[in-house]
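Reader: Please take a close look at one part of this model and work outward from there. I would like the contacts, the distances and the burial values kept together.

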Amino acid sequence: IGTLVDLTYLTLNSNQLSGEIPPGIGNLVELTTLNLYNNQLSGEIPSGIGNLVNLIYLNLYNNQLSGEIPSEIGNLVNLRSLNLNNNQLTGEIPSGIGNLMSLMELKLDSNKLSGEIPNEIGYLGQSLWILFLHSNLLYFLPETIGNLSSLKYLYLGDNQLRGLPESIWN
């Protein structure tokens with residue numbers, strides 16, 4: 001699949017695809033949409049995903065992906081929608097999420113993400129409408145959450161949060 005370098009739209013959702021996402025996916029630098037949701041994909045999200053700088057929609061939800069969210073995700077500066085929910089992702093949310101200034105929808109819920117929600121999440125204040133982080137193992141909500149002035153939907157339930165910052169009322 002990595003040889004289809006002029007491809008702009010790849011939708012293989014709702015099949016019975018299994019195995020790992022091929023590393024060659026990182027060669028598809030013209031992609032604007034990548035839909036691999038509702039399959040049985042496993043393994044880690046390849047770091048080469050960070051090469052897809054034209055990507056607007058990245059939907060990998062409802063699979064069996066594991067490991068950490070690659071830090072290279074912060075390279076996808078044109079991304080408007082990032083849906084990685086309903087997988088088995090672990091580790092912390094990468095701070096590079098704050099680079100995604102066009103992001104309108106961030107769904108990382110129903111994984112095994114842990115640690116602190118990064119301060120950089122507040123950088124998405126003008127664009128982010130939907131933030132779903134529920135059903136993880138997150139324990140800290142940063143003060144910068146109050147910067148998300150465009151937010152319409154915020155789901156944080158079923159975590160291990162220890163208090164709310166005053167700014168959440170903004």
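## Around Leu148

Author: Leaving aside neighbours within four places in sequence, Leu148 is in contact with Ile121, Gly122, Leu124, Gly125, Leu128 and Leu131. The model is predicted, and the values below are computed from it. Leu148 sits in the loop between β12 (137-140) and β13. Its relative accessibility is 6%, so Leu148 counts as buried, the cut-off being under 20%. Another separation can be given for this loop residue: from Leu148 to Ile130 the C-alpha to C-alpha distance is 9.9 Å, across 18 residues of sequence.

One of the contacts of Leu148 is Leu131, and Leu131 also appears in the description of the core. The largest nonpolar core has 41 residues. Leu131 is among those with the most contacts inside this core, together with Leu34, Leu58, Leu82, Ile97 and Leu106.

Leu82 offers a second view of the core residues. Apart from neighbours within four places in sequence, Leu82 touches Leu58, Ile97 and Leu106, and also Ile73, Leu100, Leu103, Glu105 and Lys107. Two of these partners are charged with each other in view: the side chains of Glu105 and Lys107 meet in a salt bridge, with 3.3 Å from N to O. The structure holds 1 salt bridge. Glu105 counts as buried because its relative accessibility is 17%, and the limit is under 20%.

Back on the side of Leu148, the strand β13 that bounds its loop carries one member of an aromatic pair, which is best taken with its counterpart. A ring pair is described by the distance of the centres and the angle of the planes. The structure holds 2 aromatic pairs. In one of them, the rings of Tyr37 and Tyr61 have centres 4.5 Å apart and planes at 10°, so this pair is stacked. The pair links distant parts of the chain, 24 residues apart: Tyr37 is in the loop between β3 (33-35) and β4 (40-43), and Tyr61 is in the loop between β5 (57-59) and β6 (64-68). Tyr37 is buried, with a relative accessible area of 18%.

The rings of Phe132 and Tyr155 have centres 4.6 Å apart and planes at 85°, so this pair is edge-to-face. Phe132 lies in strand β11 (residues 130-132) and Tyr155 in strand β13 (residues 153-155), so the pair ties together parts that are 23 residues apart in sequence. Phe132 is buried at a relative accessible area of 16%, whereas Tyr155 is partly exposed at 41%.

Backbone geometry adds two entries. The loop between β5 and β6 also holds Asn62. Asn62 is not a glycine, yet it has a positive phi of about 55°, and its relative accessible area of 28% makes it partly exposed. Asn86 is in the loop between β7 (81-83) and β8 (88-91). The phi of Asn86 is near 60°, again a positive value in a residue other than glycine, and Asn86 is partly exposed with a relative accessible area of 30%.

The surface gives a contrast to the buried Leu148. Ile1, Leu4, Leu12 and Leu17 form a nonpolar patch there, with about 300 Å² of accessible area together. Of these, Ile1 belongs to the segment before β1 (9-11) and counts as partly exposed at 44% relative accessibility.

Methods. Residues are numbered from 1 along each chain as its sequence is written. This is a predicted model: local features need pLDDT of at least 70, side-chain atom pairs count only at pLDDT 80 or more; totals for chains, interfaces and linings use all residues. Side-chain values use heavy atoms; hydrogens and water are left out. Patches are made of residues with over 30% relative accessible area and no salt bridge: like charges are joined within 9 Å, nonpolar side chains (Val, Leu, Ile, Met, Phe, Trp, Tyr) within 5 Å. Accessible areas come from the Shrake-Rupley method with a 1.4 Å probe; for residues, only the protein chains shown count as cover. A salt bridge is a side-chain nitrogen of Lys or Arg within 4 Å of a carboxyl oxygen of Asp or Glu. Helices (H or I, at least four residues) and strands (E, at least two) are DSSP runs, numbered from the N terminus. Buried means under 20% relative accessible area, exposed over 50%, partly exposed in between (1.4 Å probe, protein chains only). A nonpolar core is a set of buried Ala, Val, Leu, Ile, Met, Phe, Trp, Tyr and Cys residues joined through side-chain atoms within 4.5 Å. Contact means heavy atoms within 4.5 Å. Rings of Phe, Tyr and Trp (its six-membered ring) pair if their centres lie within 6.5 Å; planes under 30 degrees apart count as stacked, over 60 as edge-to-face and the rest as tilted.
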